Amino acid sequence: MRFAAGFRHGVHPPERKELTSTVPVRRMPFPEEIVLPLRQAAGKPAIPIVRPGDRVERGDTVAEADGWMSVPIHASSAGTVKKIDWWPHPDGSVAEAILLEADPYSPQVPRPRIVPRWQGLSPQEVVEAVRKAGVVGLGGAAFPTHVKLLPPEGIEVRTLIVNAAECEPYLTTDHRIMVEYPERVHFGIRVMMHALGVERTVIGVENNKPDAIEALEATLPDDLDVKVQSVRVKYPQGYEKMLIKTLIDRSVPAGKLPMHVGVVVQNVGSIAAIAEVFETGLPLIERVVTLTGPGVARPSNLIVPVGTKLRDALEFCGGLVGDVTEIVFGGPMMGASQPDLDAPILKGTTGVVILTREESRPRRRYPCIQCGTCLDACPMFLNPSLLGQLAQAGRYEEMGEAHLADCVLCGCCSYVCPSNIPLSQMFALGKAGLRKLETQAA
Amino acid sequence: MGDVRLHLTPSPHLKAPVSTPRIMWNVTASLVPVVAAAIYYFGPSALLLLAAATLGAVLTELAFSPEKNLGDGSAVITGVLLGLILPPGLPLWMAFVGGAFAIGFGKLIFGGLGQNIFNPALLGRAFLQAAFPAALTTWPGVPDSWWDLRGGNLALPFMSPPEVDAVTSPTPLGLMKFESTPTESYALMIGNTGGSLGETAGLVILLCGGYLGLRNFLNWRIPVSILGTVAVFSGLLFLLDPTRYANPVFALFSGGLMLGAMYMATDPVTSPVTNAGAWIFGAGIGFLVVVIRSWGGLPEGVMYAILFMNALVPFINRATQPSPFGERIVEEAEA
């Protein structure tokens, strides 16, 4: 089986990956200032352990994890801690961040460190090394990776699925990683399989990346059961439940994690980041980011230090061109609009898409005509039309009964709605409203 | 790099190139061949009646709708559809009143676009049928010249004496019902029969509706379900007693079935939102059409069948809600 049947529903937005899919990854020079928000992953923010004036080398820990569901933060450049202050966060809020003034004359050589030899480590020790390196899911959700690697008691994981679908339009981060560093991906898979104790790995790649599939297949290890599976281009193929359905034909039950069907899903970029931890001993301090869209002079794939300000990255790509109206962190389907060019690129930032008036012109909203197009688009088989009407009336409890919790905010319903109703936004608000009701009741 | 004025909008930041007005206007545009056939068969009367009904609908929308929004196309499509289901000899003022009623009481009183329960055009037709039963069941004969108006198009409200038309040409369904005389299938398909303006040319409507279905501007399951049910059900009756019941081809191409299945039942607002519901809805309409035609007091039943099923749509929706993605959790014994 070379070609999987796939999941039902979903949408086909224009791909627009040709802007950067053949552009090799380049390393961006270190910016003058680095902004490291303490909250860069799902869970609790990290606790700073440096003070203004402290000198740090590249790779030094600047903030410790606060408990299990939290990740440490490391300096992505040598320099001096300027201050710890409030700073615009890419999620739209203002959050605490460590500001580093980069040392312009530093050779950026990290302190000597011991590179962990994975063969000699127990699975727990591998997970601990990953945790200390501050690795999070690099596919956008920024879920702490070490949490996924330790399944709770009584759950047996049989398959590792590598998520290389990259279904969001415009983005080519994972694509370039697979084309340029296939050995690193396979090395990361080897370490992961060791840590999880699984026998089998499936890499799911959308079939609009034939060169990535070719590169991965050319470097397949002989001694491991690793398979590269081409999957059909359809959004949201990269949502983990859809990818599991496509690759092993199992449907994760509502409210459950992939572990429930014996699967752990890791983004291919995270796998490469884990590989780096065991290659160089360095923590997660840089990542590949796609800067693209019709509004940027030179669409590029860049290796940027975590904490690089949007402004600096844009400048390196030749700045803005045309009638730029909107800058999105992440993909255009689920990403967040940025109000501020000073927002930093974080561990979980997959890309920056610069849109012009042509793509993001405001559209007039019409009443719902119950056409049912959203039902045919929803990959979770919900009724967005009904949920939208309930949201309009503020009937959050009834939204909960209509399975609002299963909504993953993928945006398919908003994308197809002929009346331009911002359904997924209403559902995000509905989820918040429901949470509020639940806390009041508790 | 100077600072730019950035927009903040919720995701997704891309949008499929489709909009409600675009759907409405595409449906309206797809009716052009049907309107042309109506004018070809019924002459200037057809044009005048369509204009009167549309004018009634549009003026009502302008006068009473808070948004005064003709741009979404729903008032125009309602007027045109109403015009197409009127008999060719109807006084123009009645068509105007019908259009006004369709928008006023069929749509606006419920809260405007998307809120109504019944198909506005059919509600307008039902109102006219109740108010002016004689005028709505008079089918004037074919005049000598194409340019001549049919029957009492120019009658004035409550002033003109009732038209005593010597020559009437009954509709195929009337002939079938009251005289058990079937009409030639070929004449039915191309529309060379008596009947309402836009209902006679079955093949033209089938092609126009098929185009809309292919472009995904209507839910194809509804017409397929209606026409399939009518074909099967009337076919069974025909097999039982060919002298009493019409053959399935006659059943499919006579009366307002084709127009109703393609353009009235598929109104998204008044049809089920789920695909399973669409099949049930269509089957219900098809069943009721055959029942009314075969055993009811009226020769035609499409209008009442659709209006009746419109009323059931909330229940159909509730019964056919999709079940969310994911395997059901099997409770383990030891848990």
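Student: In this predicted model, which residue of strand 5 of chain A is the bridge partner of A:Pro48?
Tutor: Strand 3 and strand 5 (residues 61-64) of chain A run antiparallel and are joined by 2 bridges. In strand 5, A:Pro48 has as its bridge partner A:Ala63.

Student: Which strands of chain A stand at the edges of the sheet ordered 3-5-6?
Tutor: That sheet is open, has 3 strands and pairs antiparallel. Each edge strand has a single partner strand, so one side of it is left without a neighbour in the sheet. The edges are strand 3 (47-48) and strand 6 (73-74).

Student: Chain A also has a 4-stranded open sheet. What is its strand order, and which strands are at its edges?
Tutor: The pairing here is parallel, in the order 11-10-9-12. An edge strand pairs on one side only. The edge strands are strand 11 (225-231) and strand 12 (263-267) of chain A.

Student: By how many degrees are neighbouring strands of this sheet turned against each other on average?
Tutor: The value ignores strand direction. The average turn is 25 degrees.

Student: How many bridges join strand 10 to strand 11 of chain A, and which residue stands opposite A:Glu206?
Tutor: Strand 10 (residues 200-206) and strand 11 run parallel, joined by 7 bridges. Opposite A:Glu206, in strand 11, stands A:Val231.

Student: Which helix of chain A packs on this sheet, touching strand 9, strand 10 and strand 11?
Tutor: The strand 9 it touches spans 159-164. Its direction makes about 170 degrees with that of strand 11 of chain A. The helix is helix 5 (residues 210-218).

Student: Which residues of helix 1 of chain A are buried, and against which helices do they pack?
Tutor: Helix 1 covers residues 123-132 of chain A, and its buried residues are A:Val126, A:Ala129, A:Val130 and A:Arg131. The buried residues of helix 1 pack against helix 2 (145-149), helix 4 (182-196) and helix 7 (268-280) of chain A.

Student: Which residue with positive phi follows helix 1 of chain A?
Tutor: Its phi is near 70 degrees. The residue is A:Gly134.

Student: Turn to chain B. Why are helix 2 and helix 10 of chain B called roughly antiparallel?
Tutor: The axes of helix 2 (residues 32-42) and helix 10 (residues 202-214) of chain B come within 9 Å. They cross at roughly 165 degrees, and the crossing is left-handed. Angles over 145 degrees count as roughly antiparallel. Helix 2 and helix 10 of chain B are therefore roughly antiparallel.

Student: Which residues make that contact, and how many are nonpolar?
Tutor: Helix 2 of chain B supplies B:Pro33, B:Val34 and B:Ala37. Helix 10 of chain B supplies B:Val204, B:Ile205 and B:Cys208. There are no polar and no charged residues, and the nonpolar count is 6.

Student: Is B:Gly277 buried or exposed?
Tutor: B:Gly277 lies in helix 14 (residues 275-295) of chain B. A residue with 20 or more C-beta neighbours within 10 Å is buried. B:Gly277 has 25 inside 10 Å, so it counts as buried.

Student: Leaving aside neighbours within four places in sequence, which residues is B:Gly277 in contact with?
Tutor: The C-alpha atom of B:Gly277 is separated by 8.0 Å from that of B:Ala319, 42 residues apart along the chain. The contacts of B:Gly277 are B:Pro272, B:Ile316, B:Asn317 and B:Thr320.

Student: How many residues of chain B touch chain A, and how many of these are nonpolar?
Tutor: The contact takes 55 residues from chain A and 36 residues from chain B. On the chain B side, 13 are polar and 5 charged. The nonpolar count is 18.

Conventions
Residues are numbered from 1 along each chain as its sequence is written. Chains are lettered from A and ligands numbered from 1 in the order in which they are written. This is a predicted model: local features need pLDDT of at least 70, side-chain atom pairs count only at pLDDT 80 or more; totals for chains, interfaces and linings use all residues. A residue is buried if 20 or more other C-beta atoms lie within 10 Å of its own, exposed if 12 or fewer, and partly exposed in between; C-beta atoms are placed from the backbone. Two residues are in contact if their C-beta atoms, placed from the backbone, lie within 7 Å. Axes are lines fitted to C-alpha atoms, for helices over the stretch in contact, and angles run from 0 to 180 degrees between N-to-C directions. Angles under 35 degrees count as roughly parallel, over 145 as roughly antiparallel, 65 to 115 as roughly perpendicular and the rest as oblique. A crossing is left-handed if the near helix is turned anticlockwise from the far one by less than a right angle, and right-handed if clockwise. Ala, Val, Leu, Ile, Met, Phe, Trp, Tyr, Cys and Pro count as nonpolar, Asp, Glu, Lys and Arg as charged, and the others, Gly among them, as polar. Two strands pair if DSSP finds at least two bridges between them.
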